[in-house]
Amino acid sequence: MNTISPYGSWKSPITSDLIVSGTVGLGQIAIDGDDIYWVEGRPSEAGRSVLVRRTPDGKITDVTPPPFNVRTRVHEYGGASFAVASSTIYFSHFADGRIYCQTLDSQPETLTPAANCCYADMIVDPKGNRLICVREDRSGDGEAVNTIVSINLADGANIQILTQGNNFYASPRLSPDGSQLSWICWNHPNMPWDGTELWVAEINADGSLGEKNLVAGGVDESIFQPEWSPDGVLYFVSDKSNWWNFYRTPLPRGEAKRETSLREQQEIEPLCDMAAEFGLPQWVFGMSTYAIISENQIICTYTQQGKWHLASLNLATKQLTNIETGYTDISSVKARGEIVVFLAGSPIASTAIVQLNLATTQREIMRKSSDLSIDAGYLSVPEPLDFPTENGLTAFGFFYPPKNQDFAAPAGEKPPLVVKSHGGPTAATSSSMNLRIQYWTSRGFAVLDVNYGGSTGYGREYRRRLQDSWGIVDVDDCANGAKYLAEKGLVDNARMAIAGGSAGGYTTLCALTFRDVFKAGASYYGVSDLEALATDTHKFEARYLDGLIGPYPERKDLYVARSPIHSAERLSCPVIFFQGLEDKVVPPNQAEMMVEILKAKGLPVAYVAYEGEQHGFRRAENIKRTLDGEFYFYSRVFGFELAEAVEPVPIYNL
């Protein structure tokens, strides 16, 4: 028989200690011969990112020794921080930004010179005995300079700029014969999901680039993940049809001029016209939703209504065939021959690296992000939710009801609700098992994870709902989602909270300031002053707000009107703030200013700051402190007893 206990007071086996001790982050995947490599982010090692190798016999070993941290700061968010060829590894070390070279039987050695530069998206050019990658040069005054460079492997100090002049570059890719290089680029104020260009150039005998040809893209078309097929055809994903779909193009060669390539854009061929997304917002380098198996086949993943599917695309017939996996979240697709490797998760399975043999259809889980075994009786399975929002539109999310097989609530009690507002804001949440959400639901909270207007996965039109409307559309969708659940009798409208990180923290603070729906909130490194963000952030997002709010300083009025810090007198409920003190994306003063205002107003407020943390928390002890701290805060605000003691956080004015 279940124990009767109020929501929030249920004892759960999903503890913060369990989560941080048994969980790693799984990242970039690469295949080299028969070996498979990936990056693991380890909270137990102070958040260090470690390169790991798996051999065909199933043996898994660390490649990079302590203290090396395989991570790059290009665009601050990084990604694609290593490359491997013939068992030689090249990686970016987070501490100094330099590229290191390592073989399997040697220690890492520096390749690039000491300089205020960092590197990402590396590929090996065996013909030229060099690396080709994106470099971000921070050595000068003003904004960092991004270029695509080649680095001589015999002399890492011999660095040659291959192309320059645009604000941003990504995805340098060599044709199979090594004769051509493709890449994408874009300029302020665009973000890569707004508009990018795909270029190709012949490689000259001295390694420089010849005539550069524009293939596709523009200021209103986002190009994602260009890849060459074995027969020298360039494939890519474009959202020109509203959806990120597949295209290919015959490329101009030899002496063709840019004008010719522009005319030949008419020959760009769509491959799979669907109301589905085969692309992602390029927040980090190296994102991959497909891999080319042969000149006749692509293995890909796509999303519809928040669920990801694995599929095979026949390049001759253009027929798409789904491959049943049981997973609902699939990414980072890589392949060699008949072997496909990808990241995957589901509502009841934590993210794992999965290997699929196309010939035998056999699947093997190579590494799980968590080896924890949790009884299904404690796991809340998300329910896809669509709900009405402003202007007769519909928004989306995932609803997690409380779930704990040992407990039931007193008759008539409704559960408290936490609304999760994802970061980005151009991003999306997923239905893959998230133990940090299960932490809440197994204690008696309901959770609504919202894909508000502006989220990806629902087409360009849905993504552009935030155009000029950040702080309005996202806030309305989160508030309307909560009200919808309350009206359905699924949650207690007197105990509804909202929480989010980064851009989600801004949505959280806006919802608490400009709407009267939520009774408490938690901001994780959230934005409170849009003007400060516009004038004090890193290059990648320096003009992001032009599209979300308006140009600055021309529309300073909007920046002031939509900044919670300028309307803090309207905020009348408790808030807890969590902040990394080395955060360059959203500096600590964004939280600290709000804390001081709320303290002066006499509102319950808490501030938890972490030395050594940047934008997002990677250390086990800080992840634990944050989970328990937010839960403790709500217990005091909503007045329920904790089943087990957690470390208190100091709360002012309570």
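**Entry 1: a sheet**

I began with an open sheet in this predicted model. Its 4 strands run in the order 6-7-8-9, with antiparallel pairing. I then looked for the edges: strand 6 (82–85) and strand 9 (109–110) each pair on one side only. As a reminder to myself, strands of a sheet pair through backbone hydrogen bonds, either parallel or antiparallel.

Next I checked strand 7 (residues 88–92) against strand 8 (residues 99–103), and I found 5 bridges in the antiparallel sense. Which residue of strand 8 stands opposite I89? I read off Q102.

**Entry 2: T301**

I moved on to T301, which sits in strand 23 (residues 297–304). Is T301 buried or exposed? T301 counts as buried because its relative accessible area is 0%, and the cut-off for buried is under 20%. I also looked for a polar partner: a polar atom of the T301 side chain lies 2.9 Å from the backbone oxygen of H309. Leaving out residues up to four places away in sequence, I listed the contacts of T301 as E277, F278, T289, W308, H309, L310, I330 and V333.

**Entry 3: the cores**

F278 turned up again when I opened the largest nonpolar core, which has 130 residues. Which members touch the most other members there? I noted F278, F342 and F518. Another core, of 39 residues, lies apart from that one, and I jotted down W440, A497, I576 and Y632 among its residues.

Last, I followed F518 outward, again skipping residues up to four places away in sequence. Its contacts include V419, C478, M496, I498, L512 and C573. A497 of the 39-residue core is also one of the residues F518 touches.

Notes: Residues are numbered from 1 along each chain as its sequence is written. This is a predicted model: local features need pLDDT of at least 70, side-chain atom pairs count only at pLDDT 80 or more; totals for chains, interfaces and linings use all residues. Side-chain values use heavy atoms; hydrogens and water are left out. Helices (H or I, at least four residues) and strands (E, at least two) are DSSP runs, numbered from the N terminus. Buried means under 20% relative accessible area, exposed over 50%, partly exposed in between (1.4 Å probe, protein chains only). A polar contact is a pair of N or O atoms within 3.5 Å; within protein, one must be able to donate a hydrogen and the other to accept it, and residues adjacent in sequence count only if both atoms are side-chain atoms. Contact means heavy atoms within 4.5 Å. A nonpolar core is a set of buried Ala, Val, Leu, Ile, Met, Phe, Trp, Tyr and Cys residues joined through side-chain atoms within 4.5 Å. Two strands pair if DSSP finds at least two bridges between them.
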